[in-house]
Amino acid sequence: MTIYWDEKILDVWNSIQTRRQLAEMEEQQVQLTLAECLDGVQKGYMEYEGRRFEFEEKVLFDGQLGIQLPRSMQLMPRGRGSNSAGNHQHEQLTYKEENSEVMLGMNHMAHLLPMSGVESFVQAMTAQIKKAQAGLQVVHNELIEQDGCRVACSEFIIPVEDKTYYQILFATSVNGRALLGSFHFESEEVLVWQPLAHALIRTLRVEQNVNMT
């Protein structure tokens, strides 16, 4: 079960001295729930604190992957390159919300990965990021299983100079290769984007042409 902005996360924020900021946020706003976000995505729109989100499915990586995203998130092409070890393609896509620093990056890697290995893959990636980023605090890990697809998630808080960021890393297998994604946003957006990102991740639709288990 997903753990939201509860006592466990408060303890982490205490450790990086941001309790006052969080308390001020809680006084002003009420956090969205995963159920509310899933309902909004299913209806095609959602309103919260004067903000309106309209959702549509994006079909990515030559039709291999579908995901619902807000229309306010615009594609910023990152290019494509060949993997020197073979003929597999390595493709990156980045979406950014128009009026905020909310970003979604997705990387269809050349790295071979069966569905059964997505959880350990995310754990390894999280460990690498934690080693490289001082002060990173892991908040929660989760494995989502639906329609034959497994999606592993890891959430963490990253202090960067005078700001604090929240990141949700997720991975699945698309045609036998790792699909690594990441929602990244400022702490001020967490009451909206932590549950919303989880709802969007649950809309992932993978078209498998290669069966690797």
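How many Å should the 15 residues of helix α4 (residues 118–132) span at 1.5 Å a residue, and how far apart are its end C-alpha atoms? The expected span is 21 Å, and the end C-alpha atoms of α4 are 21 Å apart, which agrees. This comparison is made on a predicted model, and the values that follow are likewise computed from that model.

## The chain as a whole

The chain has 213 residues, of which 48% count as buried, and it contains 5 helices and 11 strands. Among the contacts with a separation of 6 or more, 55% are accounted for by residues 24 or more positions apart. The exposed area of the chain is about 10,900 Å², with carbon and sulfur atoms supplying 46% of it.

## Helix α4 and its cover

Within α4, the residues V118, F121, V122, M125 and T126 are buried. They cover an arc of only 135° around the axis, and therefore lie on the same side of α4. The elements that cover these buried residues include β6 (103–112), β7, β8, β9 and β10 (177–186).

## Helix α3 and the residue that follows

Helix α3 (residues 34–43) has L34, C37, G40 and V41 as buried residues. Because they cover an arc of only 125° around the axis, they are placed on the same side of α3. The face turned away from that buried side carries the exposed residues A35 and Q42. Among the elements covering the buried residues of α3 are β1 (45–48), β2, β3 (65–70) and α5 (190–201). Just after α3, G44 takes a positive phi of about 100°.

## Phenylalanine 55 as a point of contact

F55 is found in strand β2 (residues 51–60), and it counts as buried at 5% relative accessibility. Leaving aside residues up to four places away in sequence, F55 touches G40, V41, G44, Y45, M46, Q68, L69, P70, R71, L196 and L200. Two of these partners, G40 and V41, are among the buried residues of α3, while L196 and L200 are among the buried residues of α5. G40 is 15 residues from F55 along the chain, and the C-alpha atoms of the two are separated by 8.4 Å.

## Helix α5 and the loop after it

Helix α5 has 12 residues and reaches 16 Å from its first C-alpha to its last, close to the 16 Å expected at 1.5 Å a residue. Since 12 of the 12 residues of α5 are buried, the helix is largely enclosed by the rest of the structure; the buried residues include W193, Q194, P195 and H198. In the loop between α5 and β11 (205–206) lies R202, which counts as buried at 17% relative accessibility. The side chains of R202 and E142 are joined by a polar contact of 2.8 Å.

## Loops and backbone angles

Most residues other than glycine have a negative phi. Against that background, F61 has a positive phi near 50°, and E161 also has a positive phi near 50°. F61 is found in the loop between β2 and β3, whereas E161 lies in the loop between β8 (149–160) and β9 (163–174). Are these two loop residues buried or exposed? F61 counts as buried at 4% relative accessibility, whereas E161 counts as exposed at 82%.

Another loop residue, G148, has its place between β7 (137–146) and β8, and it is exposed, with a relative accessible area of 71%. G148 and M115 are 33 residues apart along the chain, and their C-alpha atoms are separated by 9.0 Å.

## Cysteines and a summary of accessibility

With a disulfide taken as a pair of cysteine sulfur atoms within 2.5 Å, the count comes to 0 disulfides. C37 is buried, with a relative accessible area of 0%, and C149 counts as buried at 8% relative accessibility. The table sets these two cysteines beside other residues discussed above, with buried meaning under 20% relative accessible area and exposed meaning over 50%.

| Residue | Relative accessibility | Class |
|---|---|---|
| C37 | 0% | buried |
| F61 | 4% | buried |
| F55 | 5% | buried |
| C149 | 8% | buried |
| R202 | 17% | buried |
| G148 | 71% | exposed |
| E161 | 82% | exposed |

How values were computed. Residues are numbered from 1 along each chain as its sequence is written. This is a predicted model: local features need pLDDT of at least 70, side-chain atom pairs count only at pLDDT 80 or more; totals for chains, interfaces and linings use all residues. Side-chain values use heavy atoms; hydrogens and water are left out. Helices (H or I, at least four residues) and strands (E, at least two) are DSSP runs, numbered from the N terminus. Buried means under 20% relative accessible area, exposed over 50%, partly exposed in between (1.4 Å probe, protein chains only). Contact means heavy atoms within 4.5 Å. Accessible areas come from the Shrake-Rupley method with a 1.4 Å probe; for residues, only the protein chains shown count as cover. The arc is that of the directions from the helix axis to the C-beta atoms. A polar contact is a pair of N or O atoms within 3.5 Å; within protein, one must be able to donate a hydrogen and the other to accept it, and residues adjacent in sequence count only if both atoms are side-chain atoms. The expected span of a helix is 1.5 Å times one less than its number of residues.
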